[in-house]
Amino acid sequence: MKAQPSLLWWALAVAVLVAVPIASVAFHLLAGQGGDTWAHLADTVLAGYIGNTLRLCAGVALGTVLVGTGAAWLVTMHDFPGRRLFEWALVLPLAVPAYVMAYTYTDLLQFVGPVQSWLRAVTGWQAGEYWFPDVRTVGGAVLMFVFVLYPYVYLLARAAFLERAAGVLEAGRSLGLGPWSNFLRVSLPLARPAIAAGAALALMETLADYGAVSYFGVHTFTTGIYRAWFSLGDRVAASQLAATLLGFVALVLSLEYLARGRARFHNTGRRAPQTVQRLRGLRAWLASLACLLPLLLGFLLPGGVLLHMALTSGDAQFGARFVELARNSFLLAALTAGCAVLLAVLLAYAGRLSAHPLLRLANGTVNLGYAVPGSVIAVGVLVPLAWLDNRLAQAIGAFTGANPGLLLTGGIAALVYAYLVRFEAVSLRTVQASLGKVTLNMDEAARSLGQSQMGVLRRVHLPLLRGSLLTAALLVFVDVMKELPATLVMRPFNFDTLATQAYTLAADERLAEASTAALAIVAVGVLPLILLSRQIRQGSAYCQPARS
């Protein structure tokens, strides 16, 4: 079936809009016009940016792989107390943004916090008489990211363990491999592509973060971009830092591709119920503890701290001000989610109707946006839109004699555009996955009954896709609610959201007041994870404990 030319051109237009910010950043790198600011950054702080970024990436990659893969292996292949709860609960830390995690652990572990206060009360020590680790370091930032990002590896590794070919482990046992050898020599190599993909997602989120590293005083490319843009007022230098950060993203994606290599892993048999090993005694409780720790440190403890601070202190401006912040956040998230779903349906349906190379290129370009940090996209959007805004203002002023102001960057239009570039891939992948499950025979049957291509979409596909469209909208909604770097750079004057409010209060060391906005963000983030939990519980039906 051939797509209508209009669908093809609309899909290509969306791809161009996504590519503009990335092309803008790349242009400034190639232009080489950084001036004195770039030379100053290169001589003073650029080496620190590179070193901190590399240390963060190495620590996060190692930590998320160990925690995520270990937890996935335990809940997939073993039966122990709390296993059915941990199967879905281990994804909950994804609801906590890294910057929120940083605020809560700082409040918990600082000198006047409850942990050190309790320690001094018990031991009688005074200030300077004992050593306590400082969480606001590169190592502390690594731990924060590991706590909230290990679910990426957990989800993909668990899916890989569940979907491996039937009988593979049984074959390994027949060859004399024990449980540990079977894991290292059979299951782990089969799950390697999934683990690498999960680690790559975690690293891209690490590279994109601004709130946690800024609050901890760890200077990375995202903090450098913000400083060059606002403190030094040099957009070209900010663009060149953003382009360098894009190089790190490209490196992560290349390493993930090399980790997969040329190997291809296929499920060669029908998926059968998987027999799991029942653990008893000390081993069972150790397995429960191993699964409880990441859940406790990544969700239960920070959630409890936030709830306690919100109930005992909270935001002094809670009330009308909080309603305004929530309204702004929900407005941005709802607008972006609605636009993202509409564009995803357009792109996915055009790709279904035609295998034209330009359509594949368009969808690939849109998917690239999710790999680009929000700070990079913000710079890439503002530079061309500011130029266009000035030209529009001059043209309208010359024609009408009135100054219209900044039509694009002066409101939320540019911010919604940046969100779409960043998160359209989330919606597109969800819609594509669901649309791919609808057989082409249904399209042919509808066309034989006189329906046009748009009629088939409206009367056949959209009713079938309602659940997936809601899921896609919800995922984008939550991502926008949590997004901080792009919002800080691009928000209109005197326009704050829950994310920027939490960051501003925390940066002023008003952690208790920041807890209200932070808790609201976490609460909203739990919603899509509940839907994801239902899917995980359905998948767990394939794992049956072995009889003793």
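**Close-up views of a predicted model**

**Figure 1. Overall make-up of the protein chain.** Among contacts in the protein chain between residues at least 6 apart in sequence, 83% join residues at least 24 apart. The model shown here and in the views that follow is predicted. Its protein chain has 548 residues, of which 51% count as buried, and the secondary structure comes to 23 helices and three strands.

**Figure 2. The crossing of helices α5 and α13.** Helix α5, spanning residues 98–109, and helix α13, spanning residues 281–312, have axes that come within 10 Å and cross at roughly 70 degrees. Because an angle from 65 to 115 degrees counts as roughly perpendicular, α5 and α13 are described as roughly perpendicular to each other, and the crossing that they form is left-handed. On the α5 side, the residues that take part in the contact are Val100, Met101, Thr104, Tyr105, Asp107 and Leu108, while α13 contributes Leu297, Gly298, Leu301, Pro302, Val305, Leu306 and Met309. Sorted by class, this contact of α5 with α13 consists of ten nonpolar, two polar and one charged residues.

**Figure 3. The crossing of helices α17 and α20.** The axes of helix α17 (residues 413–435) and helix α20 (residues 466–482) come within 9 Å, with a crossing angle of roughly 155 degrees. Since angles over 145 degrees count as roughly antiparallel, α17 and α20 are roughly antiparallel to each other, and α17 passes α20 in a right-handed crossing. The contact brings Tyr419, Phe423, Val426, Ser427, Thr430, Val431 and Ser434 of α17 up against residues of α20, namely Ser468, Leu469, Thr471, Ala472, Leu475, Val476, Asp479 and Val480. By class, the contact of α17 with α20 is made up of nine nonpolar, five polar and one charged residues.

**Figure 4. Surroundings of Ile521 in helix α23.** Ile521 lies in helix α23, which covers residues 511–539, and with a relative accessibility of 1% Ile521 counts as buried, because the class takes in values under 20%. Once residues up to four places away in sequence are set aside, Ile521 touches Ala95, Pro97, Tyr99, Met481, Lys482, Leu498 and Ala499. Ala502 stands 19 residues from Ile521 in sequence, and the C-alpha to C-alpha distance between Ile521 and Ala502 is 9.4 Å.

**Figure 5. Surroundings of Val142 in helix α7.** Val142 is placed in helix α7, which runs over residues 138–162, and at 13% relative accessibility Val142 counts as buried. With its neighbours within four places in sequence left aside, Val142 is in contact with Arg55, Leu56, Gly59 and Val60. Between Val142 and Leu62, which are 80 residues apart along the chain, the C-alpha atoms are separated by 9.9 Å.

**Figure 6. Backbone of Asn494 in the loop between α21 and α22.** Asn494 belongs to the loop that lies between α21 (485–490) and α22 (498–507), and at 63% relative accessibility Asn494 counts as exposed. Most residues other than glycine have a negative phi. Asn494, although it is not a glycine, has a positive phi of about 60 degrees.

**Figure 7. Cysteines Cys57 and Cys339.** Cys57 has a relative accessible area of 11% and is buried, whereas Cys339, at 33% relative accessibility, counts as partly exposed. The structure as a whole holds zero disulfides.

Terms used: Residues are numbered from 1 along each chain as its sequence is written. This is a predicted model: local features need pLDDT of at least 70, side-chain atom pairs count only at pLDDT 80 or more; totals for chains, interfaces and linings use all residues. Side-chain values use heavy atoms; hydrogens and water are left out. A disulfide is a pair of cysteine sulfur atoms within 2.5 Å. Buried means under 20% relative accessible area, exposed over 50%, partly exposed in between (1.4 Å probe, protein chains only). Axes are lines fitted to C-alpha atoms, for helices over the stretch in contact, and angles run from 0 to 180 degrees between N-to-C directions. Helices (H or I, at least four residues) and strands (E, at least two) are DSSP runs, numbered from the N terminus. Angles under 35 degrees count as roughly parallel, over 145 as roughly antiparallel, 65 to 115 as roughly perpendicular and the rest as oblique. A crossing is left-handed if the near helix is turned anticlockwise from the far one by less than a right angle, and right-handed if clockwise. Contact means heavy atoms within 4.5 Å. Ala, Val, Leu, Ile, Met, Phe, Trp, Tyr, Cys and Pro count as nonpolar, Asp, Glu, Lys and Arg as charged, and the others, Gly among them, as polar.
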